[in-house]
Amino acid sequence: MKKVLITGVAGFVGFHLAKKLQDKFIICGLDFFYPVVDSINAQRLTHLGSSVKFTHSDIRNYDELLKTIKLIKPDFIIHLAACTGVANSALQPELYFDTNVKGFQNILEICKELKIDNLFYASSSSVYNDNETMVFNEENVSENQLSFYGITKRKNEKLAEEYSLQYGINCVGMRFFTVYGSWVRQDMAAWKFMNALIKNEQVILYNGGNVQRDFTHVSDIVESISRLVESYLHEQLKFIHEIYNVGKGSPVSVKEYLLTIAENLGVKPEIIYKPLPENELPFTHSDTTKLFSKTGYKPQLSVHEGVKEMTDWFLKYRHQNE
Ligand SMILES: NC(=O)c1ccc[n+]([C@@H]2O[C@H](COP(=O)([O-])OP(=O)(O)OC[C@H]3O[C@@H](n4cnc5c(N)ncnc54)[C@H](O)[C@@H]3O)[C@@H](O)[C@H]2O)c1
């Protein structure tokens, strides 16, 4: 069995990905967080149990990271560790730069140094901006990201391009579109909505609720990653850098998303409206053609199906953590 290193394995996507790949690969994971016992990251790790060989390591620290990865000796890496979220990136640009750009370059340098030929990494729909076509196509990205977070993700793509060209590392970038599902991050709208609704608190919607997001269930995200990995590992190409949108391809308004969550929780939402922050996109819409032609897969779950999985989990999680 080949050995994969998943960075950010205690995160929302990393957790689901480790579970998805555990029958196909030996899973090693690294993450860096303060070991607060009740944090959701620690809980995700507990649920993964011994299926993952876990190492606590900071991707910003090159020497420590090199030592860790030398010991793990992975056949390939799936890099998900990052500072996430658009809003926070405006408040902590230095931390985002160190983690997302310098940390990513550390991973690339280590792939070069240890001759790890295949790197799959998370990018984001935040690299697009709304001056482009309505449907976001991989080739059609401008250099004017709206958020600092989007800038760091675009920088990753450029670094990957260069390292692939110069050193023959195969890099596959995946632009995820608004991921949701069980074990969702607590800074994301999905969590904030569920948490506010269940406590009968007000919910904030931007732009009259008329913001469109291409919500993609986490099971579709990890199925797509798994298929991309299988496909590239079999082909054994060299000097490849390809980028794929990983999104559902059918945007839904945030208001409809909220109402679906509220319906599943059996709560009537009390909404307050605010203007859309300048660093947020008014819509996202993934062109899924490239992902489908490479993997034969198109994300499947509708928001109605996906939200049910998420709210069922939320109610159980809340009950256990009260
Ligand atoms: N969730 C989404 O909607 C979404 C959308 C687009 C892109 N992405 C990208 O997908 C990836 C996974 O996202 P997620 O939602 O699982 O986020 P997450 O925040 O749940 O996971 C990221 C993980 O990285 C870890 N991390 C942060 N700094 C680190 C460091 N210095 N060293 C080691 N680990 C560190 C965090 O502890 C966390 O567990 C990220 O790269 C994110 O930018 C996510």
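## A walk through a two-domain chain

The C-alpha centres of domain 1 and domain 2 lie 26 Å apart. This is a predicted model, and a good way in is to colour those two parts. For domain 1, select 3–177 together with 218–246; for domain 2, select 189–213, 249–283 and 301–321. How many residues does each domain bring to the contact? Domain 1 gives 8 residues and domain 2 gives 6. On the domain 1 side, look at α4 (86–91) and α8, the elements that supply two or more residues there. That side of domain 1 divides into 3 nonpolar, 3 polar and 2 charged residues.

**The whole chain**

Now zoom out. In cartoon view you should find 11 helices and 13 strands. Along the principal axes, the C-alpha atoms fill a box of roughly 55 × 45 × 40 Å. The radius of gyration is 19 Å, which agrees with the value near 20 Å for a compact globule of 322 residues. Colour by burial next: 45% of the 322 residues are buried. If you draw the contacts with a separation of 6 or more, 80% of them join residues 24 or more positions apart.

**The largest nonpolar core**

Show side chains for Val4, Ile6, Leu119, Phe120, Met174 and Ile225. These touch the most other members of the largest nonpolar core, which has 77 residues. Helix α8 (residues 218–235) is the element to highlight here, as it gives the most to this core, with 7 residues. Why does the core lie between the two domains? Domain 1 and domain 2 both give residues to it, so it lies between them.

Stay on isoleucine 225 for a moment. Beyond its neighbours within four places in sequence, Ile225 is in contact with Leu17, Ile78, Phe120 and Met174. Leu17 leads to the next stop, since it is one of the buried residues of α1.

**Helix α1**

Select residues 12–21, the span of α1. Is this helix mostly covered or mostly open? It is mostly covered, with 8 of its 10 residues buried. Label Phe12, Val13, Gly14, Phe15, His16, Leu17, Ala18 and Leu21 to see the buried set. Around them, bring up the elements they pack against: β1 (3–7), β2 (26–31), α2 (40–48), β4 (76–79), β7 (179–180) and α8.

**The ligand**

Turn on the ligand and keep α1 in view. There are 26 residues around the ligand, and Gly8, Gly11, Phe32, Ala82 and Ala122 come nearest. Which element gives the most to this shell? It is α1, with 3 residues. Each of α1, α5 (93–114) and β5 (118–124) supplies at least two residues. Colour the shell by class and you will get 13 nonpolar, 9 polar and 4 charged residues.

**Two lysines with positive phi**

Next, a pair of loops. Most residues other than glycine have a negative phi. Select lysine 73, in the loop between α3 (62–72) and β4; its phi is near 50°, a positive value. Lysine 73 is exposed, with 11 other C-beta atoms within 10 Å, where 12 or fewer is the cut-off.

Then move to lysine 115, in the loop between α5 and β5. Phi of lysine 115 is near 55°, again positive in a residue other than glycine. Lysine 115 also counts as exposed, with 9 C-beta neighbours inside 10 Å.

**Threonine 216**

Select threonine 216, in strand β10 (residues 216–217). Is it buried or exposed? Threonine 216 is buried, because 29 other C-beta atoms lie within 10 Å of its own and 20 or more is enough. Expand the selection to its contacts: leaving out residues up to four places away in sequence, threonine 216 touches Phe176, Phe177, Thr178, Val179, Ile221, Val246, Gly247, Lys248 and Pro299. For a distance to draw, try threonine 216 to serine 286: they are 70 residues apart along the chain, and their C-alpha atoms are separated by 9.9 Å.

**Last stop: phenylalanine 314**

Finish in helix α11 (residues 303–321), where phenylalanine 314 is found. Phenylalanine 314 is buried, with 24 other C-beta atoms within 10 Å. Draw one more line, from phenylalanine 314 to glutamine 105. The two are 209 residues apart in sequence, and C-alpha to C-alpha they are 36 Å apart.

Definitions and conventions
Residues numbered from 1 in each chain as written. Core = buried A, V, L, I, M, F, W, Y, C linked by C-beta atoms within 7 Å. Helix = DSSP H or I, 4+ residues; strand = E, 2+ residues; numbered from the N terminus. Domains from an automatic or database assignment. Contact = placed C-beta atoms within 7 Å. Rg over C-alpha atoms; globule rule 2.2 N^0.38 Å. Near = placed C-beta within 6 Å. Nonpolar A, V, L, I, M, F, W, Y, C, P; charged D, E, K, R; others polar.
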